[in-house]
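Hi,

Here is the structure I promised to pass on. Have a look at it first, and then read my notes below.

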Amino acid sequence: DEENNYSFHVIAEATTLCEIMAIPFEENFDEVSGLLPTCWESIDNNSSGVEWSIGSFSNGIEGTTGDYLFFDVGTAMSTDSEIITSYMDFSGVDSPKISFKNYYRHRSNAAGYFYYSIDGGDSWVLVAKWEEDTNNYDLFSATIPELSNQPLVLFKWRYTCLTAGYYWSIDDVSISSATSIESIFAKEQIKVFPNPFNNTMSIKG
């Protein structure tokens, strides 16, 4: 049909292009209730039938608002499930800092892990591991100099249990540059006066 520019035997496929996210980055999981952020991926490694979800549940995180990311083992006896972010661009970012609120309930033979990758997920570097209960909520924070100026970065949360487990909730993910005021002053030769100051100050480049 020339008017509609259609051709027989041609299959049109609709795809969603994954945007590479810039830093600073914020994610509170409230954009679309019940849906993972665009291009985030939940993977059930051992076909337990349990995957990461967005929403809320009775044993979830407290002290935050709206939906959150969570993994609830439920009645499953063995799980190995992970959630991977979309790509993030740390170009021009010095010593990036990531933080998130979380509530991890521990059970024997279970653990939570947090990783990053700079090679498209071919290999993962462990940042932190959870093997005991946290407060509800607990603020996790880490500065990762190895991610400075990396153009394609992924993060991953992973929950495993061998016999039975509980749950892990995550909210308010924040990523920014951890460059200090002192290092900015040294790098850009910014002058602050008066020095020291009491209530107000002036900055001159």
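**What I found, starting from one serine**

Let's begin with S81, which sits in strand β6, residues 79-84. Bear in mind that this is a predicted model.

Is S81 buried or exposed? It's buried: its relative accessible area is 0%, and the cut-off for buried is under 20%. Its side chain does have a polar partner, as it reaches the backbone oxygen of I43 at 3.2 Å. If you skip the neighbours within four places in sequence, S81 is in contact with ten residues you can click through: S42, I43, D44, V50, E51, W52, F71, W157, R158 and Y159.

Now zoom out to the sheet. Strand β6 belongs to an open sheet of five strands, in the order β3-β6-β12-β9-β10, with antiparallel pairing. At the edges you'll find β3 (41-44) and β10 (125-130), each pairing on one side only. Neighbouring strands here are turned by 20 degrees against each other on average, ignoring direction.

One pair to trace by eye is β9 (residues 110-117) and β12 (residues 154-161), which run antiparallel and are joined by eight bridges. Within that pair, A111 stands opposite T160 in β12.

Last, the nonpolar cores. Which residues have the most contacts inside the largest one? They are F155 and W157, in a core of 36 residues. Elements giving two or more residues to this core include β5 (68-72), β8 (96-105) and β12. Another core, of six residues, lies apart from it, with I61, Y68, F70 and Y167 among them. As background, nonpolar side chains tend to be buried together in soluble globular proteins.

Cheers

Notes:
Residues numbered from 1 in each chain as written. Predicted model: local features only at pLDDT ≥ 70, side-chain atom pairs only at ≥ 80, totals over all residues. Heavy atoms only, no water. Helix = DSSP H or I, 4+ residues; strand = E, 2+ residues; numbered from the N terminus. Buried < 20%, exposed > 50% of the residue type's maximum accessible area, 1.4 Å probe, protein only. Polar contact = N/O pair within 3.5 Å; in protein donor to acceptor, adjacent residues only side chain to side chain. Contact = heavy atoms within 4.5 Å. Pairing = 2+ DSSP bridges. Axes fitted to C-alpha atoms, helices over the stretch in contact; angles between N-to-C directions. Core = buried A, V, L, I, M, F, W, Y, C linked by side-chain atoms within 4.5 Å.
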